[in-house]
Amino acid sequence: MAPDAEILPRSRSRHLLRQETGAPALRKATRCRSETQPGRCVCKGEDAGMEAVYTQGIWMAESLQERTRSQEKTWLVVTHIGDPKAAFLLVFPFTYFISKRTGVAVLWVAAISEWLNLVFKWMLFGERPFWWIGESGLFVNKQPNVHQFSSTCETGPGSPSGHAMVTAAVWWVVVSSLGSFLYSRTHSLVLSIAPYLLYVLMLVAVGISRVFILAHFPHQVVAGSITGFILGIVLGRRVPERRPLLFFFGLSIGLLLGTVLLHAGLQQLGIDLSWSIALAKKWCSHAEWIRLDTAPFSSLTRDCGALLGLGLAQYWKPGGWSLPWAPRALSLAFSSMGLYHVNRLPLPVRPQGLFYGLFFIKFVIVPQIVMVLVPGLVHLFTHKKKD
């Protein structure tokens with residue numbers, strides 16, 4: 001790790017990138033010719049265009065940090081709300097106890113959209129601002145005045161933004177359901193449009209927060225938002241309600257094994273998919289900010305675990321528990337506390353196989369808590385009390 005190291009000249013930086021990270025052949029090295037000014041290059045072709053996009057993104061992040069420094073805590077809260085993990089631990093239980101179908105749809109859309117985000121990232125090899133500043137070698141004469149945060153140092157590739165993509169997909173399911181409900185009850189076009197306006201504001205806020213903390217370039221959050229919006233529409237219409245357990249088991253294991261085989265196949269072709277992890281470790285300001293739960297395989301095990309858990313929950317209690325509003329609120333409170341403690345369970349990071357296995361089990365448990373265990377206990381005790 002060399003967060004405080006001298007920024008290298010461009011040619012040497014790219015050479016070290018190949019030596020140290022085994023960057024895949026599909027990541028095109030930029031071809032430059034030196035000018036009279038040291039450390040400066042003129043680039044040609046498609047890569048030159050991307051260099052300009054990345055450079056403008058860095059200066060936009062610097063300007064954003066300078067102008068909104070007083071809102072730093074707000075942006076950090078927003079980026080946590082947009083975390084794909086929040087879709088499983090916050091949005092899913094909240095929506096499930098209001099509308100069971102919407103809650104199931106949220107979990108389904110969150111898992112599939114995050115899995116697709118992982119595949120897209122492996123194919124697109126997107127850079128992240130916090131390491132590109134050092135690796136590009138374009139800021140020798142004038143380094144940007146930017147700062148990293150504890151949420152900055154994610155280890156996967158940057159394009160498209162997972163926060164923006166999953167947020168757009170999941171919250172489309174929520175706002176479209178809410179908008180339809182409001183229109184059916186009030187027949188007011190203004191009221192039914194209000195959730196969609198909040199949806200746009202949320203996507204903008206999440207995108208700005210990701211640029212602010214140097215986790216993504218602006219074009220990456222735009223790409224993630226558009227892709228997530230499309231996935232929200234498509235996946236929201238294909239919610240697997242009351243499907244047999246075998247469907248969920250096959251889907252979960254199929255996605256898991258298929259992704260592992262894809263990873264192994266790309267490695268055999270000489271494409272090193274761990275290049276981003278090495279760069280994150282190299283350029284992150286604090287070693288403790290590098291966490292295994294931000295690695296690509298963590299999102300994979302989370303998604304596959306949640307899908308299997310969804311199938312198990314529907315198998316144990318098809319249709320869920322029928323509860324009045326007061327017991328539902330009580331179930332939401334207890335479910336939130338349960339998920340909070342499950343999420344905080346410390347997992348051993350060595351060996352990594354054990355970590356990923358326990359991470360998988362953790363998210364298998366999530367739907368059981370929300371859909372079966374807590375509502376069942378609340379139903380049992382409230383029913384006895386009425387008797």
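**Note on a predicted, helix-rich chain**

1. **Overview.** The protein chain has 14 helices and 2 strands. Both kinds of element are DSSP runs, numbered from the N terminus: helices are H or I runs of at least four residues, and strands are E runs of at least two. This is a predicted model, in which local features need pLDDT of at least 70, side-chain atom pairs count only at pLDDT 80 or more, and totals for chains, interfaces and linings use all residues. Residues are numbered from 1 along each chain as its sequence is written, and side-chain values use heavy atoms, with hydrogens and water left out.

2. **Burial and contacts overall.** Of the 387 residues of the protein chain, 51% count as buried. Buried means under 20% relative accessible area, exposed means over 50%, and partly exposed lies in between (1.4 Å probe, protein chains only). Now take contacts between residues at least 6 apart in sequence: 83% of them join residues at least 24 apart. Contact means heavy atoms within 4.5 Å.

3. **Helix H5.** How far apart are the end C-alpha atoms of helix H5? They are 36 Å apart, which agrees with the span of 36 Å expected for its 25 residues (100-124) at 1.5 Å a residue. The expected span is 1.5 Å times one less than the number of residues. Burial comes next: 20 of the 25 residues of H5 are buried, so the helix is largely enclosed by the rest of the structure.

4. **Ile112, inside H5.** Ile112 is found in helix H5. At 10% relative accessibility, Ile112 counts as buried. Leave aside its neighbours within four places in sequence, and Ile112 is in contact with Leu235, Leu255 and Leu307. Ile112 and Leu255 are 143 residues apart along the chain, yet their C-alpha atoms are separated by 9.5 Å.

5. **After H5.** Phe125 follows H5. It sits in the loop between H5 and H6. Its phi is near 55°, a positive value in a residue other than glycine. Phe125 counts as buried, at 9% relative accessibility.

6. **Helix H6.** How many residues of helix H6 (residues 129-136) are buried? The count is 8 of its 8 residues. They include Trp131, Trp132 and Glu135. Gly137 follows H6, and its phi is positive, near 75°.

7. **The nonpolar cores.** A nonpolar core is a set of buried Ala, Val, Leu, Ile, Met, Phe, Trp, Tyr and Cys residues joined through side-chain atoms within 4.5 Å. The largest one has 90 residues, and Phe88, Phe92, Trp131, Val170 and Met371 touch the most other members. H5 gives the most to this core, with 14 residues. A second, separate core of 5 residues includes Ala168, Trp172, Val175 and Leu203.

8. **Phe88.** Neighbours within four places in sequence are again left aside. The contacts of Phe88 then include Leu107, Ala110, Ala111 and Glu114, as well as Arg302, Asp303 and Phe363.

9. **H7 against H9.** Helix H7 (residues 162-186) and helix H9 (residues 218-236) pack at an angle of about 35°, with their axes 7 Å apart. Axes are lines fitted to C-alpha atoms, for helices over the stretch in contact, and angles run from 0 to 180 degrees between N-to-C directions. Among the residues that make the contact are Ala168 and Trp172 of H7, and Gly224, Gly228 and Gly232 of H9. The contact residues divide into 10 nonpolar, 6 polar and no charged. Here Ala, Val, Leu, Ile, Met, Phe, Trp, Tyr, Cys and Pro count as nonpolar, Asp, Glu, Lys and Arg as charged, and the others, Gly among them, as polar.

10. **Gln314.** Is Gln314 buried or exposed? Gln314 is buried, with a relative accessible area of 12%. It is found in helix H12 (residues 296-316). Beyond its neighbours within four places in sequence, its contacts include Val104, Glu241, Arg242, Arg243 and Met371.

11. **Backbone points to check.** A cis peptide bond joins Ser159 and Pro160, with omega about -5°. Pro160 is in the loop between H6 and H7. The bond from Arg350 to Pro351 is also cis, with omega near -10°. Pro351 is in the loop between helix H13 (325-343) and helix H14 (352-386). His187 has a positive phi of about 55° although it is not a glycine. His187 is exposed, with a relative accessible area of 60%.
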